[in-house]
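Q: Could you walk me through one part of this model in some detail, beginning with a single helix and following what lies around it? Please give the cut-offs behind your terms as you go.

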Amino acid sequence: MSMGKLVVIDHPLVQHKLTLLRDKNTGTSQFRALVQELATLLAYEATRDLTLEDATVETPVATAKTKVLSGKKLGIVPILRAGLGMVDGMMSLIPAAKVGHIGLYRDPETLSPVDYYCKLPPDVSERDMIIVDPMLATGGSAIAGIDVLKRAGCKNIKLVNLIAAPEGIEAVQKAHPDVDIFVAHVDECLNDHGYIVPGLGDAGDRLFGTK
Ligand code: PRP
Ligand code: URA
(Lines give C-alpha, C1' and ligand atoms only; values in the text may rest on other atoms or scores of the structure.)
(Ligands and ions follow the chains in the order given, each with its own letter.)
Protein backbone atom coordinates (compact mmCIF):
# COMPACT_ATOMS: atom_id res chain seq x y z
CA MET A 1 0.00 0.00 0.00
CA SER A 2 1.45 3.42 -0.90
CA MET A 3 1.97 5.90 1.92
CA GLY A 4 0.85 9.52 2.07
CA LYS A 5 3.57 12.14 1.65
CA LEU A 6 5.30 13.67 4.66
CA VAL A 7 6.42 17.20 3.78
CA VAL A 8 8.68 18.96 6.30
CA ILE A 9 8.66 22.68 5.58
CA ASP A 10 12.04 23.81 6.88
CA HIS A 11 12.15 27.25 5.27
CA PRO A 12 14.37 29.61 7.33
CA LEU A 13 11.40 31.80 8.27
CA VAL A 14 9.55 28.73 9.53
CA GLN A 15 12.50 27.54 11.61
CA HIS A 16 13.01 31.01 13.11
CA LYS A 17 9.36 31.47 14.05
CA LEU A 18 9.17 27.94 15.45
CA THR A 19 12.07 28.69 17.81
CA LEU A 20 10.22 31.76 19.13
CA LEU A 21 7.04 29.69 19.48
CA ARG A 22 8.74 26.96 21.51
CA ASP A 23 10.30 29.45 23.97
CA LYS A 24 8.57 29.12 27.34
CA ASN A 25 8.96 32.89 27.82
CA THR A 26 6.87 33.71 24.72
CA GLY A 27 3.59 35.20 25.95
CA THR A 28 0.07 34.55 24.71
CA SER A 29 -0.27 37.39 22.21
CA GLN A 30 3.07 36.71 20.52
CA PHE A 31 2.36 32.97 20.57
CA ARG A 32 -0.97 33.56 18.81
CA ALA A 33 0.64 35.81 16.18
CA LEU A 34 3.39 33.26 15.51
CA VAL A 35 0.89 30.41 15.07
CA GLN A 36 -0.97 32.50 12.47
CA GLU A 37 2.22 33.39 10.61
CA LEU A 38 3.41 29.77 10.60
CA ALA A 39 0.00 28.62 9.36
CA THR A 40 0.28 31.03 6.41
CA LEU A 41 3.75 29.76 5.53
CA LEU A 42 2.59 26.14 5.72
CA ALA A 43 -0.54 26.92 3.69
CA TYR A 44 1.72 28.08 0.86
CA GLU A 45 3.23 24.57 0.59
CA ALA A 46 0.05 22.65 1.35
CA THR A 47 -1.68 24.36 -1.59
CA ARG A 48 1.16 23.81 -4.06
CA ASP A 49 -0.86 21.25 -6.04
CA LEU A 50 -3.93 23.45 -6.59
CA THR A 51 -5.04 23.25 -10.19
CA LEU A 52 -4.87 26.20 -12.58
CA GLU A 53 -6.65 27.10 -15.78
CA ASP A 54 -5.73 29.43 -18.61
CA ALA A 55 -6.80 33.05 -18.42
CA THR A 56 -6.05 36.34 -20.12
CA VAL A 57 -5.74 39.73 -18.51
CA GLU A 58 -5.23 43.21 -19.93
CA THR A 59 -2.16 44.82 -18.41
CA PRO A 60 -1.54 48.55 -19.03
CA VAL A 61 0.79 47.40 -21.84
CA ALA A 62 -0.72 44.35 -23.57
CA THR A 63 -2.80 41.21 -23.19
CA ALA A 64 -1.12 38.65 -20.92
CA LYS A 65 -1.84 34.95 -21.33
CA THR A 66 -1.81 33.77 -17.75
CA LYS A 67 -3.33 31.40 -15.17
CA VAL A 68 -5.96 31.52 -12.45
CA LEU A 69 -6.99 28.95 -9.86
CA SER A 70 -9.48 26.58 -11.45
CA GLY A 71 -12.05 27.26 -8.76
CA LYS A 72 -11.71 23.94 -6.96
CA LYS A 73 -13.59 24.07 -3.71
CA LEU A 74 -11.48 24.06 -0.56
CA GLY A 75 -12.27 23.69 3.11
CA ILE A 76 -10.31 24.14 6.32
CA VAL A 77 -11.11 22.18 9.47
CA PRO A 78 -9.45 23.18 12.73
CA ILE A 79 -9.40 20.58 15.48
CA LEU A 80 -10.65 22.53 18.51
CA ARG A 81 -9.28 24.17 20.41
CA ALA A 82 -5.72 24.69 19.27
CA GLY A 83 -6.44 24.31 15.55
CA LEU A 84 -8.48 27.53 15.75
CA GLY A 85 -5.22 29.43 16.09
CA MET A 86 -4.22 28.42 12.54
CA VAL A 87 -7.43 29.31 10.68
CA ASP A 88 -6.88 33.02 9.98
CA GLY A 89 -3.31 32.36 8.84
CA MET A 90 -4.54 29.77 6.32
CA MET A 91 -7.48 31.93 5.24
CA SER A 92 -5.18 34.83 4.44
CA LEU A 93 -4.03 32.80 1.40
CA ILE A 94 -7.28 30.97 0.59
CA PRO A 95 -10.04 33.38 1.64
CA ALA A 96 -12.78 31.57 -0.29
CA ALA A 97 -12.33 28.35 1.71
CA LYS A 98 -15.21 27.29 3.92
CA VAL A 99 -14.45 26.42 7.55
CA GLY A 100 -15.71 23.37 9.41
CA HIS A 101 -15.04 22.67 13.08
CA ILE A 102 -14.31 19.40 14.85
CA GLY A 103 -14.11 19.46 18.66
CA LEU A 104 -11.86 16.84 20.23
CA TYR A 105 -9.91 16.74 23.47
CA ARG A 106 -7.48 14.16 24.70
CA ASP A 107 -8.48 12.24 27.79
CA PRO A 108 -5.49 12.91 30.08
CA GLU A 109 -5.46 9.30 31.37
CA THR A 110 -5.98 7.27 28.19
CA LEU A 111 -4.71 9.95 25.73
CA SER A 112 -7.63 8.89 23.49
CA PRO A 113 -9.57 11.65 21.72
CA VAL A 114 -13.04 12.47 23.03
CA ASP A 115 -15.31 14.21 20.52
CA TYR A 116 -17.66 16.99 21.61
CA TYR A 117 -18.50 19.05 18.52
CA CYS A 118 -18.78 18.81 14.74
CA LYS A 119 -20.05 21.34 12.22
CA LEU A 120 -19.04 20.93 8.59
CA PRO A 121 -19.95 22.83 5.40
CA PRO A 122 -23.01 21.18 3.76
CA ASP A 123 -21.08 20.44 0.56
CA VAL A 124 -18.03 19.08 2.41
CA SER A 125 -17.94 15.89 0.30
CA GLU A 126 -17.20 18.00 -2.82
CA ARG A 127 -14.37 19.94 -1.21
CA ASP A 128 -10.66 19.28 -0.81
CA MET A 129 -10.22 19.54 2.95
CA ILE A 130 -7.24 20.67 5.03
CA ILE A 131 -7.24 19.71 8.72
CA VAL A 132 -5.20 22.06 10.90
CA ASP A 133 -3.88 21.47 14.41
CA PRO A 134 -0.56 22.78 15.81
CA MET A 135 0.32 19.45 17.47
CA LEU A 136 0.45 15.86 16.17
CA ALA A 137 1.37 13.79 19.24
CA THR A 138 -0.01 10.22 19.44
CA GLY A 139 -2.00 10.93 16.28
CA GLY A 140 -5.29 9.97 17.93
CA SER A 141 -6.95 13.36 17.41
CA ALA A 142 -5.83 13.66 13.78
CA ILE A 143 -6.98 10.13 12.98
CA ALA A 144 -10.37 10.80 14.59
CA GLY A 145 -10.70 14.09 12.67
CA ILE A 146 -9.87 12.40 9.37
CA ASP A 147 -12.38 9.62 10.20
CA VAL A 148 -15.10 12.28 10.64
CA LEU A 149 -14.32 13.85 7.25
CA LYS A 150 -14.21 10.49 5.47
CA ARG A 151 -17.56 9.49 7.01
CA ALA A 152 -18.92 12.78 5.60
CA GLY A 153 -17.74 11.70 2.13
CA CYS A 154 -14.48 13.66 1.74
CA LYS A 155 -12.00 12.08 -0.63
CA ASN A 156 -9.11 14.52 -0.67
CA ILE A 157 -7.81 15.36 2.81
CA LYS A 158 -4.53 16.95 3.92
CA LEU A 159 -3.22 17.36 7.45
CA VAL A 160 -1.20 20.44 8.46
CA ASN A 161 0.60 20.54 11.82
CA LEU A 162 3.32 22.75 13.24
CA ILE A 163 5.12 20.12 15.36
CA ALA A 164 4.78 16.36 15.01
CA ALA A 165 6.11 13.38 16.95
CA PRO A 166 7.37 10.41 14.91
CA GLU A 167 4.78 8.23 16.71
CA GLY A 168 1.91 10.45 15.50
CA ILE A 169 3.14 10.54 11.91
CA GLU A 170 3.43 6.76 11.83
CA ALA A 171 -0.04 6.30 13.34
CA VAL A 172 -1.71 8.66 10.83
CA GLN A 173 0.14 7.12 7.87
CA LYS A 174 -0.94 3.65 9.00
CA ALA A 175 -4.60 4.58 9.59
CA HIS A 176 -4.94 6.92 6.60
CA PRO A 177 -2.26 6.21 3.98
CA ASP A 178 -4.03 8.46 1.47
CA VAL A 179 -3.55 11.63 3.58
CA ASP A 180 -0.51 13.85 2.97
CA ILE A 181 0.98 15.44 6.10
CA PHE A 182 2.66 18.89 6.13
CA VAL A 183 4.68 19.85 9.20
CA ALA A 184 7.19 22.51 10.22
CA HIS A 185 9.24 20.08 12.32
CA VAL A 186 9.41 16.45 13.41
CA ASP A 187 10.47 16.34 17.07
CA GLU A 188 12.20 13.57 19.04
CA CYS A 189 9.49 11.61 20.85
CA LEU A 190 6.57 11.68 23.28
CA ASN A 191 7.02 11.75 27.06
CA ASP A 192 5.05 9.60 29.53
CA HIS A 193 2.17 12.11 29.48
CA GLY A 194 1.90 12.09 25.70
CA TYR A 195 3.55 15.50 25.32
CA ILE A 196 5.89 16.11 22.41
CA VAL A 197 9.57 16.43 23.41
CA PRO A 198 10.92 19.09 23.16
CA GLY A 199 7.65 20.43 21.66
CA LEU A 200 6.18 23.65 22.99
CA GLY A 201 3.96 22.49 25.85
CA ASP A 202 0.17 22.59 25.64
CA ALA A 203 -0.70 24.47 22.46
CA GLY A 204 -4.32 25.20 23.44
CA ASP A 205 -3.37 26.58 26.85
CA ARG A 206 -0.59 28.75 25.38
CA LEU A 207 -2.89 30.10 22.64
CA PHE A 208 -5.78 30.95 24.90
CA GLY A 209 -3.96 31.73 28.15
CA THR A 210 -5.74 29.02 30.11
CA LYS A 211 -2.78 27.95 32.22
C1 PRP B 1 -3.98 18.85 21.60
C2 PRP B 1 -3.61 19.24 20.19
C3 PRP B 1 -4.18 18.09 19.38
C4 PRP B 1 -3.95 16.92 20.31
C5 PRP B 1 -2.76 16.17 19.82
O6 PRP B 1 -5.28 19.12 21.88
O7 PRP B 1 -4.11 20.48 19.83
O8 PRP B 1 -5.54 18.23 19.06
O9 PRP B 1 -3.70 17.45 21.62
O10 PRP B 1 -2.57 15.02 20.57
P11 PRP B 1 -2.76 13.56 19.95
O12 PRP B 1 -2.03 13.54 18.65
O13 PRP B 1 -2.14 12.67 20.98
O14 PRP B 1 -4.22 13.30 19.79
P15 PRP B 1 -5.91 18.91 23.36
O16 PRP B 1 -6.47 17.54 23.49
O17 PRP B 1 -4.89 19.31 24.38
O18 PRP B 1 -7.15 19.87 23.36
P19 PRP B 1 -7.20 21.48 23.31
O20 PRP B 1 -6.74 21.89 21.95
O21 PRP B 1 -8.64 21.75 23.53
O22 PRP B 1 -6.32 22.01 24.40
N1 URA C 1 -0.99 18.44 22.74
C2 URA C 1 -0.29 19.57 22.98
O3 URA C 1 -0.84 20.66 23.03
N4 URA C 1 1.04 19.46 23.16
C5 URA C 1 1.67 18.27 23.11
O6 URA C 1 2.90 18.24 23.28
C7 URA C 1 0.92 17.11 22.87
C8 URA C 1 -0.42 17.24 22.67
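## A helix and its surroundings

A: Helix H4 (residues 140-151) has 12 residues and reaches 16 Å from its first C-alpha to its last, close to the 16 Å expected at 1.5 Å a residue (that span is 1.5 Å times one less than the number of residues; helices, H or I with at least four residues, and strands, E with at least two, are DSSP runs numbered from the N terminus). The model is predicted, so local features need pLDDT of at least 70 and side-chain atom pairs count only at pLDDT 80 or more, while totals for chains, interfaces and linings use all residues. Residues are numbered from 1 along each chain as its sequence is written, chains are lettered from A and ligands numbered from 1 in the order written, and side-chain values use heavy atoms, leaving out hydrogens and water.

H4 is mostly covered, with 9 of its 12 residues buried (under 20% relative accessible area; exposed is over 50% and partly exposed in between, with a 1.4 Å probe and protein chains only). The buried residues of H4 are Gly140, Ser141, Ala142, Ile143, Ala144, Gly145, Ile146, Val148 and Leu149. After the helix comes Gly153, whose phi is positive, near 100°.

One of those buried residues, Ser141, takes us to ligand 1. Of the 16 residues around ligand 1, the nearest are Arg106, Asp133, Thr138, Gly139 and Ser141 (a residue is near if one of its heavy atoms lies within 4 Å). Asp133 has a side-chain N or O atom 2.5 Å from an oxygen atom of ligand 1. A polar side-chain atom of Thr138 also lies 2.5 Å from an oxygen atom of ligand 1, and from Gly139 a backbone N or O atom lies 2.8 Å from an oxygen atom of this ligand. On its own ligand 1 exposes 500 Å², of which the protein buries 91% (Shrake-Rupley areas, 1.4 Å probe).

Arg106 leads on to ligand 2, as it is among the residues around that ligand too, together with Met135, Ala137, Gly194, Tyr195, Ile196, Gly201, Asp202 and Ala203. Here the backbone supplies several short distances. Ile196 places a backbone N or O atom 2.8 Å from an oxygen atom of ligand 2, and a polar backbone atom of Ala203 is 2.8 Å from an oxygen atom of the ligand. Gly201 has a backbone N or O atom 2.8 Å from a nitrogen atom of ligand 2. Taken alone, ligand 2 has 230 Å² of accessible area, and the protein covers 88% of it.

Gly201 itself sits in the loop between strand E13 (196-197) and helix H6 (203-208). Its relative accessibility is 34%, so Gly201 counts as partly exposed. The C-alpha atoms of Gly201 and Asp23 are 9.6 Å apart, although 178 residues separate them along the chain.

For contrast, look at strand E11 (residues 180-186): 5 of its 7 residues are buried, so the rest of the structure largely encloses it. E11 runs parallel to strand E1 (residues 6-8), joined by 3 bridges, and parallel to strand E10 (residues 157-164), joined by 6 (strands pair when DSSP finds at least two bridges). Leu6 stands opposite Ile181, and Ala164 opposite Val186.

Just past E11, Asp187 lies in the loop leading to strand E12 (189-190). With 5% relative accessibility, Asp187 counts as buried, and its side chain makes a polar contact with that of His185 at 2.8 Å (N or O atoms within 3.5 Å; within protein, one must be able to donate a hydrogen and the other to accept it, and sequence neighbours count only if both atoms are side-chain atoms).
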